[in-house]
Amino acid sequence: MNVAKDAMGLGLRVLNRFAGLKAVDKLGLRKPAEKAIFGASRAGFATVGAASRVFKSTQKLVQPARLTQRSGDGLFDLTPSEEQEMLRDSCRSFADEQLRPAALAADTACAATPELLASASELGIHLLGLPESLGGAGQERSAMTSVLVAEALAHGDLSLAVACLAPSAVSNALVLWGDSEQQSAYLPAFAGEKSPAAALAIQEPSALFDPFKLSVKARRTPDGYVLDGVKSLVPRAAQAELFIVAAHLEGRGPALFIVESSTAGLSIQAEPAMGLRAAATGRVVLDNVVLANRALLGNGSADIYATCISLARVGWCAVAVGTAQAALDYLVPYVNERVAFGEPISHRQAVAFTVANAAIEIEGMRLLTYRAASRAEQSKSFFEETALARRLCADKGMQIGSDAVQLLGGHGFVKEHPAERWYRDLRAVGFIEGVLLV
């Protein structure tokens, strides 16, 4: 993947946000000053939406601000650029040094600490998808960069990676499909020092959920729309100040709506799940929520909605690859050091073949995910590639998580080792929709 050097939009102002990471000491950045601490549990809450800031236009846009779209050169080359490698390595260091040590406490508390989320925000990842004209650092749209970032963060912990990346899904959607009025109202906040918590809410609490057959309904009114229904597994739901909600628009089909958390009729319910616990998932209940006409994103286009679903699935493939790689990296030294019957268990064919198969499958998962992301950023059709990547990542990711628990034996069943948490998180890849957006 050959991308121009300016594609990442990385100036010194973004690189300086990686302060506290050992991997970037060569850049003259300081080491971490503090570690994340244990936070109080958020399980059991039932409340109205988070006290939202007042979103208002700080500048008038004549037309929507978009990142330039990369054109393909006909070559199949997925080699990261120098800037992408630097960003990936910095995110990987942050994940290993800060996310991994905090993961168990966050999983137990069903929430990440504010300090950890603030540190993640300082990375400046969300600025990469914002045009420079709106205070961001982006020049050229790159789904591949988003995939590399998501994969690197998930190497530390999948749930915490989701918590860190959830707001970027909303800002990315606004950059891609928002009109000038919507961008003026909401995007400047994401470029500020304290960007808002936000979430892309697609999933619903129904068996065999189909994102193209939504239960949340949107009906027209003379002044706008009214939404009714329930969204589930929404990350950081209690903290979020802004949502993009998928609903079935009468007479049109699935569409995306911008909903501020302070809107009357919106409330949050706790929904701790088997996995993704550190992402503080909750339900967003929409009871006769009245929205203005400007709340409809992308004019309710069916093509935009389908693209949104596919871009989200690519994002989930990326975190699956990162977490599966973390499991493999944990397994290799364990099976080489664990001695049974006088020799390392890696000397047993069953163990060695299981580890080798995991390595093979991860490379396949990564290649398909990169292929889908590369085509997406070149404005080529990527739906088939996304479907293949998702199927492989869902099946093999879960299998790798299960094998990690199995090879660790009794250690795989206890929380002292991260394998059981990785297994629980990887199960989400096969069914969850939305949340991420590359």
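Hi everyone, this is a short walk through one predicted protein model, covering its confidence, its salt bridges, one buried aspartate and its cysteines.

Let's begin with how far we can trust what we see. The chain has an average pLDDT of 85, and 83% of the residues reach at least 70. Please keep an eye on residues 1–45, though, where pLDDT stays under 50. For that stretch the model has 105 contacts beyond four places in sequence.

Now to the charged side chains. Side chains of opposite charge can pair when their charged atoms come close. How many salt bridges does a search of the whole structure find? The count is 19, and I'd like to show you a few of them.

Start with Arg92 and Asp96, whose closest N and O atoms are 3.4 Å apart. Both residues sit in helix H2, which covers residues 82–109, and they are four residues apart, about one turn of the helix. Are these two buried, exposed or partly exposed? Arg92 is partly exposed, since its relative accessible area is 32%, and Asp96 is also partly exposed, at 32%.

Next, turn to Lys231 and Glu204, which form a salt bridge with an N to O distance of 2.9 Å. Lys231 belongs to strand S4 (residues 224–234), while Glu204 is in the loop between strand S2 (198–201) and strand S3 (217–221), so this pair ties together parts that are 27 residues apart in sequence. Lys231 is buried, with 0% relative accessible area, and Glu204 is buried too, with 3%.

My third pair is Glu385 and Arg375, meeting at 3.5 Å, N to O. Here Glu385 comes from helix H9 (residues 383–407) and Arg375 from helix H8 (residues 349–377), and the two are ten residues apart. Why do both count as buried? The cut-off is under 20% relative accessible area; Glu385 is at 15% and Arg375 is at 18%.

Salt bridges can also join up into a network, and this model has one that links Asp107, Lys415, Glu420 and Arg424.

Let's zoom in on a single residue, Asp425. You'll find Asp425 in helix H10, residues 419–426. Asp425 counts as buried because its relative accessibility is 0%. Which residues does Asp425 touch, leaving aside neighbours within four places in sequence? They are Asp157, Leu158, Ser159, Gly275 and Leu276. With Leu276 there is a detail worth pointing out: the side chain of Asp425 reaches the backbone nitrogen of Leu276 at 2.7 Å. If you are looking around the site, Gly401 is 24 residues from Asp425 in sequence, with a C-alpha to C-alpha distance of 8.8 Å.

Last stop, the cysteines. A disulfide needs two cysteine sulfur atoms within 2.5 Å, and by this rule the count is zero. Cys164 is in no disulfide, as the nearest cysteine sulfur, in Cys91, lies 9.6 Å away. Cys164 counts as buried, with a relative accessibility of 17%. And why is Cys393 not bonded to Cys317? The sulfur of Cys317 is the closest cysteine sulfur to that of Cys393, but the gap is 3.9 Å, which is too far for a bond. Cys393 is buried as well, with a relative accessibility of 1%.

That's my tour, and I'm happy to take questions.

Note on methods
Residues numbered from 1 in each chain as written. Predicted model: local features only at pLDDT ≥ 70, side-chain atom pairs only at ≥ 80, totals over all residues. Heavy atoms only, no water. Buried < 20%, exposed > 50% of the residue type's maximum accessible area, 1.4 Å probe, protein only. Contact = heavy atoms within 4.5 Å. Polar contact = N/O pair within 3.5 Å; in protein donor to acceptor, adjacent residues only side chain to side chain. Salt bridge = Lys/Arg side-chain N within 4 Å of Asp/Glu carboxyl O. pLDDT = per-residue confidence, 0-100.
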